[in-house]
Amino acid sequence: MLTLFHHPMFATCRFVRLAFGEYGEELALIEEKPWTRRKEFLALNPAGTLPILLAEGDVPIVGAMVIAEYLDETRGVLKRDKRLFAEDPMERAEIRRLTDWYLSKTDGEVTRHLVRERVLKPIMPETAGGGSPDSGAIRAARANIRQHMKYTNWLAGTRHWLAGNKVTYADLAAAAALSVLDYLGEIDWREHAAAREWYTRLKSRPSFRPLLSDRVRGLSPVSHYADLDF
C-alpha cells in the first residue's frame, strides 16, 4: 500500500485521494501539519509542501499534478475507459488546463485563504503564523467565490462532465477545491443549479465517500456536507 502525507482540508491532497479512489487503490494516510516543519517531513520534501506520495520503494513524489501524472503512467494507461486522462492530446490539454485552474487559480484565489484563516490559524502557534483570522483576507476570498462558481456552472451546464464526456482529473480537481468550500459552508448552491447537479453526481461516487467522513477538530462541516441529496 502506498502512503500519502496530506492534510484533510487541502484541495491538492483531496484531489490525489479522489484519483486513487477512482482507480480503486487504497492509500495509507498520514496527516501532516506542514507548519511544524518536522525534520522527517522536510527530508521527503525540502519545500515543506503537501501532498507527498511515498511510492514504490518509498520514493517520494511531490505535488498533486506530479502525483497524478505518475498515477496515470503506472495505473491509468491500463484502465482504458476508466482512465482519468483522455487518449486525444488536445483533450488531455483541456483536462490539464482545468485541473490547473482549480488546483492553482481557485485554490490560490479562494480555497487556500479561507482554509488558512478559518481552519489553520486558530490551531497554529503565533510563531508559525497563527492567531486571529484576517477578516480582510476572508472577505477577499469570498468575493472571488462567485466567479469561480459561475465558471463551474457554465462548464457543468455545457458539458456532461467538466472536460468532456467522462470523469477526468478536471472533475476531481474541481470537486476537491469545492468540497473544502462546501465543508466550510461557503457555497450557495441555490444560485448554481448545473454545478450542483454535477457535484451531486461526483459526490455520489465511491471515491468520494472517505472525504465525506473527514472532520476537522473544532470545526464541524455544514449540515448538508455528507448529504448526497442536498
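How are helix 1 and helix 4 oriented to each other, roughly parallel or roughly antiparallel? The legends below take this up first, then move through other close-ups of this predicted model.

**View 1. Helix 1 packs against helix 4.** Helix 1 covers residues 11-22, and helix 4 covers residues 89-120. Their axes lie 10 Å apart and make an angle of about 155°. Angles over 145 degrees count as roughly antiparallel. Helix 1 and helix 4 are therefore roughly antiparallel to each other. On the helix 1 side, Ala 11, Thr 12 and Phe 15 make the contact. On the helix 4 side, Thr 99, Leu 103 and Asp 107 do so. By class, this contact has three nonpolar residues, two polar and one charged.

**View 2. Helix 1 is mostly covered.** Of its 12 residues, 11 are buried. Among them are Cys 13, Phe 15, Val 16, Leu 18 and Phe 20. The buried set also includes Arg 14, Arg 17 and Glu 22. How far should the 12 residues of helix 1 span, at 1.5 Å a residue? The expected span is 16 Å, and the end C-alpha atoms are 16 Å apart, so the two agree. Just after helix 1 comes Gly 24, with a positive phi of about 70°.

**View 3. His 6 sits in strand 1.** The strand runs over residues 2-6. Is His 6 buried or exposed? Its relative accessibility is 5%, so His 6 counts as buried. Leaving out residues up to four places away in sequence, His 6 touches Cys 13, Arg 17, Leu 29, Ile 30, Glu 31, Glu 32 and Leu 50. Two of these neighbours, Cys 13 and Arg 17, are themselves buried residues of helix 1.

**View 4. A cis peptide bond links Leu 50 to Pro 51.** Omega is near 0° here. Pro 51 lies in the loop between helix 2 (39-44) and strand 3 (52-54). Most peptide bonds are trans. Leu 50 is also one of the residues that His 6 touches.

**View 5. Arg 37 and Asp 58 are loop residues with positive phi.** Most residues other than glycine have a negative phi. Arg 37 has a phi near 50°. Its loop joins strand 2 (27-31) and helix 2. With a relative accessible area of 46%, Arg 37 is partly exposed. Asp 58 has a phi of about 60°. Its loop lies between strand 3 and strand 4 (60-62). At 57% relative accessibility, Asp 58 counts as exposed.

**View 6. Helix 5 crosses helix 7.** Helix 5 spans residues 135-158. Its 24 residues should span 34 Å at 1.5 Å a residue, and its end C-alpha atoms are 36 Å apart, which agrees. Buried residues of helix 5 include Ile 138, Ile 145, His 148, Tyr 151 and Leu 155. The buried residues pack against helix 4, helix 6 (169-183) and helix 7 (193-203). The axes of helix 5 and helix 7 come within 7 Å and cross at roughly 70°. The two helices are therefore roughly perpendicular to each other. Met 149, Thr 152, Asn 153, Ala 156 and Gly 157 of helix 5 meet Ala 193, Ala 194, Ala 195 and Trp 198 of helix 7. Six of the contact residues are nonpolar and three are polar, with no charged residues.

**View 7. Domain 1 meets domain 2.** The domain assignment gives domain 1 as 3-81 and domain 2 as 83-205. Their centres, taken over C-alpha atoms, are 19 Å apart. Across the boundary, 23 residues of domain 1 contact 27 residues of domain 2.

Conventions
Residues numbered from 1 in each chain as written. Predicted model: local features only at pLDDT ≥ 70, side-chain atom pairs only at ≥ 80, totals over all residues. Heavy atoms only, no water. Axes fitted to C-alpha atoms, helices over the stretch in contact; angles between N-to-C directions. Helix = DSSP H or I, 4+ residues; strand = E, 2+ residues; numbered from the N terminus. Parallel < 35°, antiparallel > 145°, perpendicular 65-115°, else oblique. Contact = heavy atoms within 4.5 Å. Nonpolar A, V, L, I, M, F, W, Y, C, P; charged D, E, K, R; others polar. Expected span 1.5 Å × (residues − 1). Buried < 20%, exposed > 50% of the residue type's maximum accessible area, 1.4 Å probe, protein only. Domains from an automatic or database assignment.
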